[in-house]
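Dear colleague,

Please find below the structure I promised to pass on, followed by my notes on how its chains meet.

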2 protein chains.
Amino acid sequence: MTDGGDQPTTSYEFLAATLANHAAFVHVGDRADDDLRYLTRFDGPDRQYAFVAVPGGDGPQTTLCAPSLFGDQARREFPGDRVETATTGRPAGERAAAVLDDVGVGGGGNTTVAVPSQIPHDAVAYLQRAGHEVTATDAVERARREKTAAEIERHRRVQRAAAVGMARAETVLAESAVDGDRLVWDGAPLTTERLRRTVNAVLAGAGVDPVGNSVIGAGRTAADLHYTGDDTIRPGETVLLDLSPRGPAGYYADLTRTFVVDGGGWDRRAYVACEAAREAALAELAAGAGAAAATVHEEAAAELAAHGFRIDSSEVGFTHGTGHGVGLSLHERPSLTGDATLAAGDVVTVEPGVYEPSEGGVRLEDLVVVRPEGYELLQPYPFGSTPRRRDLDG
Amino acid sequence: MTDGGDQPTTSYEFLAATLANHAAFVHVGDRADDDLRYLTRFDGPDRQYAFVAVPGGDGPQTTLCAPSLFGDQARREFPGDRVETATTGRPAGERAAAVLDDVGVGGGGNTTVAVPSQIPHDAVAYLQRAGHEVTATDAVERARREKTAAEIERHRRVQRAAAVGMARAETVLAESAVDGDRLVWDGAPLTTERLRRTVNAVLAGAGVDPVGNSVIGAGRTAADLHYTGDDTIRPGETVLLDLSPRGPAGYYADLTRTFVVDGGGWDRRAYVACEAAREAALAELAAGAGAAAATVHEEAAAELAAHGFRIDSSEVGFTHGTGHGVGLSLHERPSLTGDATLAAGDVVTVEPGVYEPSEGGVRLEDLVVVRPEGYELLQPYPFGSTPRRRDLDG
């Protein structure tokens, strides 16, 4: 980790309830598993390692079975009780079963071990072979919802880096000249890929990782929620930039703005509608903890409908939800379209958008933290569909 | 996909042998699962989707159960037979079971479905609930070994981008001045994090993603195989850069060089030894397909031992293997320390290195393709521990 400040840590108290009903909690995965990242705070390699928790007198007793050659790093990063390296080379599920055996959680057929539902099947097979029964728990997903101050600080920093990237993109668009039916910047036609590379270089230079998430579309492809192709950018077209870099401790940003050079038609009406929907969503979030997540979405949708956009299609109009939780995963709990009640520490996107495949798409997205009495916008970024030169200092 | 050229595709013929003994093959995962990326060529979202193959008259019949809102993208990217979107919203394992039911692979208790061992456990539970027995296969991992011409071309391009990043790093080091016990570049002390951000910006600007894999250590931390911290870079210290960006179609680069400003002690001896070990490894690879992978490692290790370095420790000397396969995963088959026989189309690293925690570390790593009669180095990069200004054009 490279940018100073408190490292987010994990309190294992949340596992106590699970361990009251189960002999142990086990998870296995590799560096791509965000539940395991939360449980271990270990930025591990691309092969399996294991986390084990058993009940103890002072709360859950936790072990990380570190991968071969990564013992020192695991000891630096793991906030739990013990890093085990004696059994490297054996499959992670087998290593977890050996830890249970060591601490006397025998596989007599009468022990149940709680695991996340997405644990690799081979790990479950090793636990079952050792005599354990396995039941799924969503305890980790639930615990990950409530962000600590250190986690929120990480979101703030990476969202700040995303804003610096957005400012660069907006500046490029502001500096672009109309040349017939295309934009030209710095002597060459501006394309979505050229703009993406320019933005990604700024993100990487700011110490965050684009991780393939810089979605930039223009015109028809602005209506594509995950566009990473290469198109000429034309005057009058909506240029939609959705930047979701990942910061050093693993937390994501999520920031979307939409610009038009020489706009004024469909895009103007769509932009005004999205701004109104954003205000409507934030007005619901102003209630803070205890608000029903779904009402945030419903108010945004009602506002878009009032502006004449469809909200009942997966192709045209408001085709997606108003927001989702963000953390060590880009998409996590809570969803603003589900039945969750918002809680203090939830970090969620607010992202109304409308799409018309023949015209383009407009989306405006920010990241907010739910507070007991309201919400906090993590990193303001200006609005306006006409791009301006911006100087947000990294 | 953004950089032109043939997109790598997947021929499903390799599943025919599995489907001769099983009623179906199923995999479930999200965008982080590289087996699923290979099976679908779909750059999907961070939630589960499913791939299903059943036997057919003309070979395996394949279905991708696409996630909600991603149907169009899935249809563009999936080279198989059918993209299914009717059941979005249901768990991916349940959707896979529904596909089997649709095509008449009933769950009468007599059908076995082959799955990769790391398939999420909940997907297996859905298949079992539908009456299927599940057995693990490594067919996908085996198929992924042999890279096609289009895949090798992707490796070549991303390795080229890594070389451009390395040239930038080497140039920064060459331009740095010694100021007492530290290096100064462009008016400020040079640190590992500053160098990392500079390199990552070049990688991102070249259209590839650093994905948190730019390992840069100096002195003691050059002996750390996964160092991403921030240290002042000092004269006389080994500066080790291991760059593994991921290219647009998902293929990885892997390139390591080591430099010293004002070196001449331990580092000189280590560098000479690694160069000799590299030559010894390549001499074995010159036999091409059919060579025993382990002999490549053994010859490199013998050379390092002949130069006086330990090869029997996990802390000092040559602490790791000589190489590993690279593809859609940064580490995949074959390992150069296992019992594999090299085959045409294997893409492997050659990366001898020696470490002395009190001194630093030296590693030299390149990417090669095994050919029927030898090997091909994918992207040459110059050697030499004294950094020079390099102008490798992106």
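**Helix pairing and the chain contact**

α8(A) and α8(B) are roughly antiparallel to each other, a label that applies to angles over 145 degrees. This is a predicted model, in which local features need pLDDT of at least 70 and side-chain atom pairs count only at pLDDT 80 or more, while totals for chains, interfaces and linings use all residues. Residues are numbered from 1 along each chain as its sequence is written, and chains are lettered from A in the order in which they are written.

The axes of the two helices, each spanning residues 192–205, come within 7 Å and cross at roughly 165°, with axes taken as lines fitted to C-alpha atoms over the stretch in contact and angles running from 0 to 180 degrees between N-to-C directions. Helices here are DSSP runs (H or I, at least four residues). The pairing is made by R197, N200, A201, L203, A204 and G205 of α8 in chain A and by B:R197, B:N200, B:A201, B:L203, B:A204 and B:G205 in chain B, where contact means C-beta atoms, placed from the backbone, within 7 Å.

Taken as a whole, the contact draws 41 residues from chain A and 41 residues from chain B, and on the side of chain A that touches chain B it is α8(A) that gives the most, with 7 residues.

As for symmetry, chain A superposes on chain B by a rotation of 180° with 0.0 Å of shift along its axis (RMSD 0.0 Å), the fit being by least squares on C-alpha atoms of residues with pLDDT of at least 70 in both. That is the relation of a two-fold axis.

With best regards

Key:
Contact = placed C-beta atoms within 7 Å. Parallel < 35°, antiparallel > 145°, perpendicular 65-115°, else oblique.
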